[in-house]
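Hi,

Here is the structure I said I would pass on. Have a look at it first, and my notes on what turned up follow below.

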Amino acid sequence: MAALAGLALASPAFARCEDWVPQPKPQNASRDIVGQDLDQIVERGFIDFAAYEDFAPWSYEDKGKPVGVDIEIGRLIAQDLGVEARFHLVPAGENLDADLRNNVWKGPVIGGRVSNVMLHVPYDSDYACRVDQVVFTGQYAAEQIAIAYREEAYPEDKPVPAYFRVDTVAVENDSISDFYLTSFAGGQLAQGVRRYPSYAAAMGALAAGETMAAMGPLAQLEAGAAPGIGIHQPPLAGFAVSRWTVGVAVHMRYRALGYAVDDAIRAGLEDGRIAAIFAAHGLTHLPPER
């Protein structure tokens, strides 16, 4: 997804934050533009969340209502704060920088406004110290690249990337799995790659027998799995970011809100409510690396 493109460019030159340069602060921005503090949110009785649109099983619209794992995480946070949860489903920008700018600390160029909290933000320590408009907190899960496969096609050995020199594999177009497979071993796997507009379409193609395997984030593969489809997580040589942590982003001015959100998520992890959300969606909860 586009958010990971920002992390791909975030490697430090030397030590963490050694080459950090302060970012420009928004000028002449009203309180409505930069968000609200915790007291104001509690007083008005609701909290705004930004979540990615068309991002099943994490966040998407069903019968006119936002649904998905991230939506349930937002409701868990709101319940712990004692307020109502409201959601804005937003498109993914060109990279994570754009998503944070549009949804957390500045707002889009035309129309719209920032939200109090953005959900499903990939966390990277080195990247976080370079984006001083945003606090990255509330890590609630991890994502990991996996391979789904038709069990009848692989009755003995489960497939690994080297198999795709000959075998066919479905990926989401322009995803990190697509980039990895087409560049792996000097492009030797490219001929086996079949591109689809979404992971749901890729998994549909796998179930229909159009391909022998599919590669992508575990949750999205699990969400599209059908009978006769297996999923495993093999070692991926040369894959720089095959596992990452996801959490939330809050404007840096509102540290108290960030602390309250982090406390709510920590409680949800400790008492099993977050794991139960994943289980209810038929997904594996990978604990975050906190």
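Let me start with the cavity lining: the residues around the largest cavity split into 7 nonpolar, 2 polar and 2 charged. Before you go further, keep in mind that this is a predicted model.

The nonpolar part of that lining includes Trp 58, Pro 217, Leu 218 and Phe 278. Glu 143 and Glu 222 are the charged pair, while Gln 144 and Thr 284 are the polar ones. Ala 142, Ala 219 and Leu 286 also line the cavity. If you want to find the place by secondary structure, go to strand S6 (134-150) and helix H9 (218-223), each of which gives at least two residues to the lining. As for volume, the largest cavity comes to about 40 Å³. The search turned up 1 cavity of 30 Å³ or more.

Next, the charged pairs. Over the whole structure there are 9 salt bridges, and I looked at a few of them one by one.

Asp 48 and Arg 44 make one of these, with their closest N and O atoms 3.6 Å apart. How exposed are the two partners? Asp 48 is buried at 7% relative accessible area, whereas Arg 44 is partly exposed at 26%. While you are at Asp 48, look across to His 88: the two are 40 residues apart in sequence, yet their C-alpha atoms are 7.4 Å apart in space. His 88 belongs to strand S4 (residues 84-90) and is partly exposed, with a relative accessible area of 36%.

Another salt bridge sits within a helix. Asp 263 and Arg 266 pair at 3.3 Å, N to O, and both are part of helix H10 (residues 255-270), 3 residues apart, or about one turn. An α-helix has 3.6 residues a turn, so residues three or four places apart point the same way. Both ends of this bridge are partly exposed, Asp 263 at 45% relative accessibility and Arg 266 at 31%.

A third one joins Arg 273 and Asp 271, and here the closest N and O atoms are 2.8 Å apart. Arg 273 is partly exposed, with 26% relative accessibility, and Asp 271 is partly exposed too, at 45%. This pair is part of something wider, as Asp 80, Asp 271 and Arg 273 are linked in a network of salt bridges.

On to the strands. S7 (residues 169-172) and S8 (residues 193-196) run parallel and are joined by 4 bridges. One place to check the register is Val 169, whose bridge partner in S8 is Val 193. Between the two strands the chain passes through helix H7 (residues 176-183), giving a right-handed β-α-β crossover. Which residues of H7 are buried? They are Ile 176, Ser 177, Asp 178, Tyr 180 and Leu 181. Just past the helix comes Ala 185, with a positive phi near 50 degrees.

That brings me to the backbone. Most residues other than glycine have a negative phi, and most peptide bonds are trans. Against that background, a few spots may be worth a look on your screen.

The loop between S1 and S2 holds two of them. Asp 54 lies in this loop and has a positive phi near 50 degrees without being a glycine. Asp 54 is also exposed, at 70% relative accessible area. Further along, the peptide bond joining Ala 56 and Pro 57 is cis, with omega about 5 degrees. Pro 57 lies in that loop as well, between strand S1 (46-52) and strand S2 (60-62).

Lys 63 is in the loop that follows, between S2 and strand S3 (65-67). Its phi is positive, about 55 degrees, although Lys 63 is not a glycine. What is its relative accessible area, and is Lys 63 buried or exposed? The value is 81%, which makes Lys 63 exposed.

That is what I have for now. Shout if you would like to go through any of it together.

Cheers

Technical notes
Residues are numbered from 1 along each chain as its sequence is written. This is a predicted model: local features need pLDDT of at least 70, side-chain atom pairs count only at pLDDT 80 or more; totals for chains, interfaces and linings use all residues. Side-chain values use heavy atoms; hydrogens and water are left out. A salt bridge is a side-chain nitrogen of Lys or Arg within 4 Å of a carboxyl oxygen of Asp or Glu. Buried means under 20% relative accessible area, exposed over 50%, partly exposed in between (1.4 Å probe, protein chains only). Two strands pair if DSSP finds at least two bridges between them. A crossover is right-handed if, with the strands pointing away from the viewer, the path from the first strand over the helix to the second runs clockwise. On a 1 Å grid over the protein atoms alone, a cavity is a set of points where a 1.4 Å probe fits but cannot get out, and a pocket is an open set with protein on both sides within 12 Å along at least five of seven lines; lining residues have an atom within 4 Å of a point. Grid points are joined across faces, edges and corners, and a volume is the space filled by probe spheres set on the points.
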